[in-house]
Amino acid sequence: MTDPGSNDLAPLAEYTTLGRAFEIYLQRRHLQLKPRTIENYRFHFRYLVKFFGTERPLSSLHEGHFRDYQKWRCTEGEGRGRAGASCINHELNALAQVLALADLWHPISKYYERLPESNWLPPRVLTTEEEERFFRFASQRPVWKTACYASLLTANTTISGCELRSLRLTHLRLRENPPVIQVAEPVKNQHRIRGVPLNDVALRAAQELLKVAKEHGSCEPHHYLIAYRVKRGLYDPERPASSCFIRTAFKRIARAAGLPWVTPTCFRHQAITKLLERGAPDETVRAIAGHVSEKAIRYYSHIRIEAKKVAVDRLVAMPAERDKARRTPGKSSFPMLAEVKANAKRLGIPVDAALELLLAYERSKVSDS
């Protein structure tokens, strides 16, 4: 039996229960982690507790439990569908950090193997027709209003869903010239703090979201634009919307439009891609989207196939125009030369010989004069 006092120097005692250990971990890391990161940890811990239970001591965990959890999340996931390798690795990484506080992770780490993750692929970008189709379907049902206008705002400003959740009414400066949304909270990183001017479409989307916000009780400057839904018909404007505030509606719109692969983040890619396609300087795109590195710009600059087609068409445009000019009568830049060639062909004389005769005749005219 483990001596309760043998691990007193570690921040967590090895006999601490899993549920209590998770609480202590979040309390310890509260000042180091961003609110969104803490929220992600809570999500990970929720699934870990469903599998392991809250009363299991930390010292009872071993490498076999990690493999059992991987199998469970890959196949069952408590009836909610399979979790991907990346999600499972994040969840077990959270558990590993808790075990490290009790000096229990090192023995397990020697044998633990992360699940292999699929190779990264650049996010897919919608075609013009697909984008129009999505918003045409999104506008058909009132219950999809928030998802529709949030996506429309993202597609015209690059402001992502997690940033929309952090917006308060005071951040909307719609009466300025030009109207601006101030992304003031560093949801992702400090470089995402920025002011984004609104075009006509984005302004209309922001105004519609503001109408919905007032219906949900947001009326003070510090209230959130997208309030937290407590239950059907009841909202708390003092709290930001949950991280899945448009997930259900968005999936239904995507399925209805025949675009099941589309996610809310796609419209951020869409906005940045179109800015780059239409010649916006990299520095301007960084200022709008909140990026600072060249790598980040390359990540989002997925040039759509239509733009590529236009570019490759330009490779053949000039030769095609030259061929057309050659075939068009009366368009020659040297009409006398064309006439000589035509007469030589009519008389059966080689063109070079005809040119020599013409030059000899012209020289003789000069000598006689």
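Good morning. I begin at the surface, where R141, R247, K251, R252 and R255 gather in a patch of positive charge. The structure under discussion is a predicted model, and my remarks should be heard in that light.

Of this patch, let me take one member, R141. R141 sits in the loop between helix 6, residues 128–138, and helix 7, residues 145–157. How accessible is R141, in relative terms? Its relative accessible area is 45%, so R141 is classed as partly exposed. A patch member must have over 30% relative accessible area, and R141, at 45%, therefore meets that condition.

From the surface I turn to the interior. The largest nonpolar core comprises 41 residues. Which residues have the most contacts inside this core? They are F134, L153, I181, L225 and F267. Two or more residues come from each of the following elements: helix 6, helix 7, strand 2 (180–183), helix 9 (200–215), helix 10 (247–256) and helix 11 (266–277). Helix 7 gives the most, with seven residues. As general background, nonpolar side chains in soluble globular proteins tend to be buried together.

My third topic is charge pairing. Side chains of opposite charge can pair when their charged atoms come close. In this model there are ten salt bridges, and I shall discuss three pairs, starting with R20 and E23.

R20 is bridged to E23, with the closest N and O atoms 3.1 Å apart. Both residues belong to helix 1, residues 18–28; because they are three residues apart there, about one helical turn separates them. R20 is partly exposed, with a relative accessible area of 40%, and E23 is likewise partly exposed, at 44%.

The next pair is R67 and E63, whose side chains meet in a salt bridge at 2.6 Å, N to O. These two residues lie four residues apart in helix 3, residues 63–75, which is about one turn of the helix. Is each partner buried or partly exposed? R67 has 40% relative accessibility and so counts as partly exposed. E63, by contrast, has a relative accessible area of 18% and is buried; the cut-off for that class is under 20%.

Finally, R114 forms a salt bridge with E117, and here the closest N and O atoms are 3.0 Å apart. E117 has 39% relative accessibility, so this residue counts as partly exposed.

To close, I return to two points: the positive patch that includes R141, and the core of 41 residues to which helix 7 gives the most. Thank you.

Methods:
Residues numbered from 1 in each chain as written. Predicted model: local features only at pLDDT ≥ 70, side-chain atom pairs only at ≥ 80, totals over all residues. Heavy atoms only, no water. Patch = residues over 30% accessible without salt bridge, like charges linked within 9 Å, V, L, I, M, F, W, Y side chains within 5 Å. Areas by Shrake-Rupley, 256 points an atom, 1.4 Å probe, with all protein chains shown as cover. Salt bridge = Lys/Arg side-chain N within 4 Å of Asp/Glu carboxyl O. Lys, Arg positive; Asp, Glu negative; His and termini not counted. Charge placed at Lys NZ, Arg CZ, Asp CG, Glu CD. Buried < 20%, exposed > 50% of the residue type's maximum accessible area, 1.4 Å probe, protein only. Core = buried A, V, L, I, M, F, W, Y, C linked by side-chain atoms within 4.5 Å.
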